[in-house]
Number of protein chains: 2
Amino acid sequence: MPTRKTLLDATAQLFAKLGWRGTTTRRIAELAGVNEVTLFRKFGSKESLLVEAVRCQAADAMQDQLPVRPTDLRAELVAWAARHHGQLHERSSMIRTCLAEFEEHPELAPVATEGAERTMGDMLRYFGEARRLGLIGPEGSLEAATVMLMNALFMDAITRDVLPGCGLVSTDEAVAAFVDHTLRALAPHTGIHA
Amino acid sequence: MPTRKTLLDATAQLFAKLGWRGTTTRRIAELAGVNEVTLFRKFGSKESLLVEAVRCQAADAMQDQLPVRPTDLRAELVAWAARHHGQLHERSSMIRTCLAEFEEHPELAPVATEGAERTMGDMLRYFGEARRLGLIGPEGSLEAATVMLMNALFMDAITRDVLPGCGLVSTDEAVAAFVDHTLRALAPHTGIHA
DNA sequence: ACCGTATGCAAGCACTCACTTGCATTGACC
DNA sequence: GGTCAATGCAAGTGAGTGCTTGCATACGGT
């Protein structure tokens, strides 16, 4: 059924840009090139369609994992962070909208955030492994390091186009600076990057 | 004129919760206990009223500065970060909504973000001063430290009620952990907090 | 006592919203 | 050729939208 996917894609696209209330069934039908009635026959209501569209969009998010065994921390983290930042940036409009809509539509939250928690768990595991291998020092909270790095990447990705001038200038520089700062806090001895 | 402030407050409150489209002139009038016609007589249009309401809300944000001369970095930063986090948290609903509405209503952006940039500048100055005084080491990017700390606080504050389980558990612990992590990255010698 | 300003009230305008109904058309499978 | 499910089209429902008009009422300054 090509119609179904077409409708879900159009809905996600409109929702990201216009929010729940702005995403009208008329606009969805027009963008999908489908009659408005078809939308109701296939999904029953606007609400079902929107929730399903957000669910699919979130499920599409690539699962990008850190290496099982850390070797070159900086290289691996920078590469991972760049990919992760790219993914977030692609979806920044949808993410901003969801953050605002969670209050009125809490049913969106579980489906949209499941990925984030898994990613945090993966990074925590990675740092734990690195510490076990002596690649980072025995002190410093790995949770704090993980949350701060992920928050920094997240914020930069979702505010970059909408609030230029509230962060670092270039994306690559920002990613590298965040990773370096994180590793400096976890370094086994001073001046690891000096 | 009590009516004016009443209307602005009601508007800001509704806008934070329901967004631009959800904030209807009927709801505003009802919440403010004012006739809907009065709203149009005083502000001309819904758009003027909304922009003005967001402007006032942002202007109300307390300006909370770091000490001119750094002495006890950790204590000063923790105290400042806790206050800053509190302010952000109070306005988290409005902030989330604005982040989503910036795309459709870019006129909101300048008025709403002016404070954030000043705050970042203040922290950068504070770190620069601290480095000059030898309270932090000569290496490590102060911009990265500033952006990461502010992003971490910002994210924690605006996602705390809407995405529990995506960060650290208690607010106070989170704030302290973020500051510690930041200082560890900037520390003049290893193990400053050991 | 008079006047201007601010507000309320009732009604209405043209428009959009989510959603429904009834009927015609298509196309695939038997 | 006949059946059935999927889709389109035209029209309409009741509710909500931003905004306007006309008129009544209050209150303060002169």
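**Note on a predicted two-chain model with DNA**

1. Start with DNA strand D. Helix 3 of chain A supplies the largest share of the surface near this strand, 4 residues. Keep in mind that the whole model is predicted. Around strand D there are 16 residues, and A:Asn35, A:Thr38, B:Thr24, B:Ser45 and B:Lys46 come nearest. Both protein chains take part. Two or more residues each come from helix 3 of chain A and from helix 2 (25-32) and helix 3 of chain B. By class, this surface divides into 5 nonpolar, 6 polar and 5 charged residues.

2. Now turn to DNA strand C. Here 17 residues lie around the strand. Those that come nearest are A:Thr24, A:Lys46, B:Thr3, B:Asn35 and B:Thr38. Chain A gives two or more residues from each of helix 2 (25-32), helix 3 (36-43) and helix 4 (46-60), and chain B does so from helix 3 (36-43). Which element gives the most to this surface? Helix 3 of chain B does, with 4 residues. The classes here are 5 nonpolar, 6 polar and 6 charged.

3. Next, the fold of chain A. The chain has 9 helices and 0 strands. Read from the N terminus, its elements run α-α-α-α-α-α-α-α-α. The C-alpha trace spans about 65 × 35 × 30 Å along its principal axes. Of the 194 residues in chain A, 42% are buried. Take the contacts between residues at least 6 apart in sequence: 65% of them join residues at least 24 apart.

4. How are the two copies related? A turn of 180° with a shift of 0.0 Å along the axis lays chain A on chain B, with an RMSD of 0.1 Å. The copies are therefore related as by a two-fold rotation axis. Within chain A, A:Ala185 comes closest to that axis, its C-alpha at 1.9 Å. Both copies use the same surface: 100% of the contact residues of chain A recur in chain B.

5. The contact between the chains takes 45 residues from chain A and 45 residues from chain B. On the chain A side, two or more residues come from each of helix 1 (2-22), helix 6 (92-101), helix 7 (108-132), helix 8 (142-159) and helix 9 (171-186). Helix 8 of chain A has the largest share of that side, with 9 residues. By class, the chain A side holds 21 nonpolar, 14 polar and 10 charged residues.

6. One helix pair across this contact deserves a look. Two packed helices are described by the angle and the distance between their axes. For helix 6 of chain A and helix 6 (residues 92-101) of chain B, the axes come within 8 Å and cross at roughly 145°. The crossing is left-handed. Chain A contributes A:Arg96, A:Thr97, A:Leu99 and A:Ala100 to the pair, and chain B contributes B:Arg96, B:Thr97, B:Leu99 and B:Ala100. This contact has 4 nonpolar, 2 polar and 2 charged residues.

7. Last, a single residue in chain B. B:Gly121 lies in helix 7 (residues 108-132) of that chain. Is B:Gly121 buried or exposed? It counts as exposed, because it has 11 C-beta neighbours inside 10 Å, and the cut-off for exposed is 12 or fewer. B:Gly121 and B:Met155 stand 34 residues apart in sequence. In space, their C-alpha atoms are 19 Å apart.

Notes
Residues are numbered from 1 along each chain as its sequence is written. Chains are lettered from A and ligands numbered from 1 in the order in which they are written. This is a predicted model: local features need pLDDT of at least 70, side-chain atom pairs count only at pLDDT 80 or more; totals for chains, interfaces and linings use all residues. Two residues are in contact if their C-beta atoms, placed from the backbone, lie within 7 Å. Ala, Val, Leu, Ile, Met, Phe, Trp, Tyr, Cys and Pro count as nonpolar, Asp, Glu, Lys and Arg as charged, and the others, Gly among them, as polar. A residue is near a molecule or strand if its C-beta atom, placed from the backbone, lies within 6 Å of it. Axes are lines fitted to C-alpha atoms, for helices over the stretch in contact, and angles run from 0 to 180 degrees between N-to-C directions. A crossing is left-handed if the near helix is turned anticlockwise from the far one by less than a right angle, and right-handed if clockwise. Copies are superposed by least squares on the C-alpha atoms of residues with pLDDT of at least 70 in both. A residue is buried if 20 or more other C-beta atoms lie within 10 Å of its own, exposed if 12 or fewer, and partly exposed in between; C-beta atoms are placed from the backbone.
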